[in-house]
Amino acid sequence: QVQLVESGGGLVQAGGSLRLSCAASGRTFEYYAVGWFRQAPGKEREFVSTISRSGSRTFYAGSVLGRFTISRDNAKNTVYLQMNSLKPEDTAVYFCAAVAKSGTMTTGSLDPFEYDYWGQGTQVTVSS
């Protein structure tokens with residue numbers, strides 16, 4: 001069982017930055033790939049980024065590539081999402097999710113249904 005708690009959301013002007021954190025409970029966090037997703041009002045949940053168990057492999061949605069960076073610190077049971085050059089269209093509730101993986105270099109899927117555990121989400125609002 002893994003419990004995830006997101007933090008770091010808030011209100012920021014366009015062009016600004018935020019760093020989201022996803023803190024996990026349990027001693028086996030290192031066995032999980034992690035993904036970030038977001039959901040804007042009236043829209044489906046959208047893939048943002050994912051990171052492998054070891055942190056050595058990452059993948060990004062095209063809309064955030066070059067602006068967002070995912071990383072993890074397994075010693076702290078935490079995954080981060082550094083978001084730079086934020087745009088109003090980045091406004092959404094951001095969720096982190098975890099899925100167990102046997103390979104240390106395997107990332108999570110772009111499909112939210114693959115993930116076993118979800119946090120409660122953190123709101124990010126980017127004003128123009």
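Helices (H or I, at least four residues) and strands (E, at least two) are DSSP runs, numbered from the N terminus. Keep in mind that this is a predicted model, where local features need pLDDT of at least 70, side-chain atom pairs count only at pLDDT 80 or more, and totals for chains, interfaces and linings use all residues. Residues are numbered from 1 along each chain as its sequence is written, and side-chain values use heavy atoms, with hydrogens and water left out.

**Stop 1: Lys-101**

Start by selecting Lys-101, which is found in the loop between E9 and E10. Is this lysine buried or exposed? Its relative accessibility is 19%, so Lys-101 counts as buried; the class covers anything under 20% relative accessible area, while exposed is over 50% and partly exposed lies in between, using a 1.4 Å probe and protein chains only.

Now add Glu-114 to the selection. The side chains of Lys-101 and Glu-114 are joined by a polar contact of 2.9 Å. (A polar contact is a pair of N or O atoms within 3.5 Å; within protein, one must be able to donate a hydrogen and the other to accept it, and residues adjacent in sequence count only if both atoms are side-chain atoms.) Leaving aside residues up to four places away in sequence, Lys-101 also touches others, including Tyr-31, Ala-33, Arg-53 and Thr-106, where contact means heavy atoms within 4.5 Å.

**Stop 2: the aromatic rings**

Next, show the aromatic side chains. The structure holds 7 aromatic pairs. Rings of Phe, Tyr and Trp (its six-membered ring) pair if their centres lie within 6.5 Å; planes under 30 degrees apart count as stacked, over 60 as edge-to-face and the rest as tilted.

Select Tyr-32 and Tyr-117. Their ring centres are 5.9 Å apart and the planes meet at 70°, so this pair is edge-to-face. It connects distant parts of the chain, with Tyr-32 in strand E4 (residues 32–39) and Tyr-117 in strand E10 (residues 117–118), 85 residues apart. Both Tyr-32 and Tyr-117 are buried.

Then move to Phe-37 and Tyr-115, whose ring centres are 5.2 Å apart with planes at 80°, so this pair is edge-to-face too. Phe-37 belongs to strand E4, and Tyr-115 sits in the loop between strand E9 (92–100) and E10, 78 residues away. Phe-37 and Tyr-115 are both buried.

Widen the selection to Phe-37, Phe-47, Phe-59, Phe-95, Tyr-115 and Trp-118, which form one aromatic cluster. Add Arg-45 as well: it lies over the face of Phe-95, 3.9 Å from the ring centre, and over the face of Trp-118, at 4.8 Å from that ring centre. (A charge sits over a ring if NZ of Lys or CZ of Arg is within 6 Å of the ring centre and within 35 degrees of the ring normal.)

**Stop 3: the disulfide**

Which cysteines should you pick? Choose Cys-22 and Cys-96, joined by a disulfide with an S to S distance of 2.1 Å; the cut-off for such a pair of cysteine sulfur atoms is within 2.5 Å. The torsion about this S-S bond is about 70°, so the disulfide is right-handed. Cys-22 lies in strand E3 (residues 18–24) and Cys-96 in strand E9, 74 residues apart. Both cysteines are buried.

**Stop 4: strand E8**

Finish with strand E8 (residues 78–83), where 5 of the 6 residues are buried. E8 pairs with E3 in the antiparallel sense over 6 bridges, given that pairing requires DSSP to find at least two bridges between two strands. Here Leu-20 stands opposite Leu-81. Strand E7 (residues 68–73) also pairs with E8 in the antiparallel sense, over 6 bridges, and Arg-72 stands opposite Val-79. E7 and E8 form a hairpin with 4 residues between them, and Asn-77 in the turn has a positive phi of about 55°.
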